[in-house]
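Me: Please pick one part of this protein and walk me through it slowly. I'm in my first year, so spell out the terms as you go.

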Amino acid sequence: MSDHEYGGNDDLSLPKATVQKIVSEILPASSGVSFSKEARDLLIECCVEFITLVSSEANEISEKEAKKTIACDHITKALETLGFGDYIPAVLEAAAQHKETQKVREKRGNKFEESGMTLEELELLQRQQFEAARERHA
């Protein structure tokens with residue numbers, strides 16, 4: 001199955017640096033095993049195809065349930081339908097970790113609110129800092 005079967009776009013890809021980082025974590029330099037650029041590019045193509053396949057199946061499942069939003073449950077059902085049921089526990093664990101990460105990000109708060117300064121005071125401070133930077137680099 002290809003992107004064309006889903007009305008996809010040939011420009012779809014994943015960031016090469018991100019994929020390289022994932023591969024490097026699995027194959028540390030100390031192992032003596034290297035990963036060629038061609039192999040990385042093929043891996044990216046495989047990942048995009050896998051994402052397309054799973055998301056298309058999840059979309060079909062959500063449409064059958066008359067849902068307009070694909071939920072985690074649709075993804076796990078799609079994985080099961082496509083024969084990737086063994087991955088479901090790892091997917092659920094990753095989803096739970098992501099949810100926790102999002103909670104921590106929400107708790108961090110807003111820097112503007114935490115500054116205790118008014119918008120006018122912040123603008124004045126910004127102008128002063130820009131002026132000081134201009135003087136240093138003049």
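**A close look at helix 2**

Reply: Let's start with the inside face: the buried residues of helix 2 pack against helix 1 and helix 3 (72-81). Before going on, a word on the source: this is a predicted model, in which local features need pLDDT of at least 70 and side-chain atom pairs count only at pLDDT 80 or more, while totals for chains, interfaces and linings use all residues. Residues are numbered from 1 along each chain as its sequence is written, and side-chain values use heavy atoms, leaving out hydrogens and water.

Now the setting. The protein has 6 helices and 0 strands, where helices (H or I, at least four residues) and strands (E, at least two) are DSSP runs numbered from the N terminus. Of its 138 residues, 13% count as buried. Buried means under 20% relative accessible area, exposed means over 50%, and partly exposed is in between, using a 1.4 Å probe and protein chains only.

Helix 2 covers residues 37-64. Its 28 residues should span 40 Å at 1.5 Å a residue, and its end C-alpha atoms are 41 Å apart, which agrees. (The expected span is 1.5 Å times one less than the number of residues.)

Which residues of helix 2 are buried? They are Arg40, Ile44, Val48, Thr52, Val54, Ser56, Glu57, Ala58, Ile61 and Ser62. It helps to remember that an α-helix has 3.6 residues a turn, so residues three or four places apart point the same way.

On to the first partner. Helix 1 (residues 16-26) packs on helix 2 at an angle of about 105 degrees, with the axes 10 Å apart. Axes here are lines fitted to C-alpha atoms, for helices over the stretch in contact, and angles run from 0 to 180 degrees between N-to-C directions. The two helices are therefore roughly perpendicular; the cut-offs are under 35 degrees for roughly parallel, over 145 for roughly antiparallel, 65 to 115 for roughly perpendicular, and oblique for the rest. Lys16, Val19, Gln20 and Val23 of helix 1 meet Arg40, Asp41, Leu43 and Ile44 of helix 2, and contact means heavy atoms within 4.5 Å. By class, that makes 4 nonpolar, 1 polar and 3 charged residues. (Ala, Val, Leu, Ile, Met, Phe, Trp, Tyr, Cys and Pro count as nonpolar, Asp, Glu, Lys and Arg as charged, and the others, Gly among them, as polar.)

Take Asp41 from that contact: it is partly exposed, with a relative accessible area of 27%. Asp41 and Leu14 are 27 residues apart in sequence, but their C-alpha atoms are 9.4 Å apart in space.

Helix 2 also feeds the largest nonpolar core, whose 6 residues are Val54, Ala58, Ile61, Ala78, Leu79 and Ile88. Such a core is a set of buried Ala, Val, Leu, Ile, Met, Phe, Trp, Tyr and Cys residues joined through side-chain atoms within 4.5 Å. Helix 2 gives the largest share, 3 residues. One core member, Ala58, touches Ile70, His74, Ile75 and Ala78, leaving out residues up to four places away in sequence.

Finally, look just past the end. Ala66 sits in the loop between helix 2 and helix 3 and is exposed, at 68% relative accessible area. Its phi is positive, about 60 degrees. Most residues other than glycine have a negative phi.
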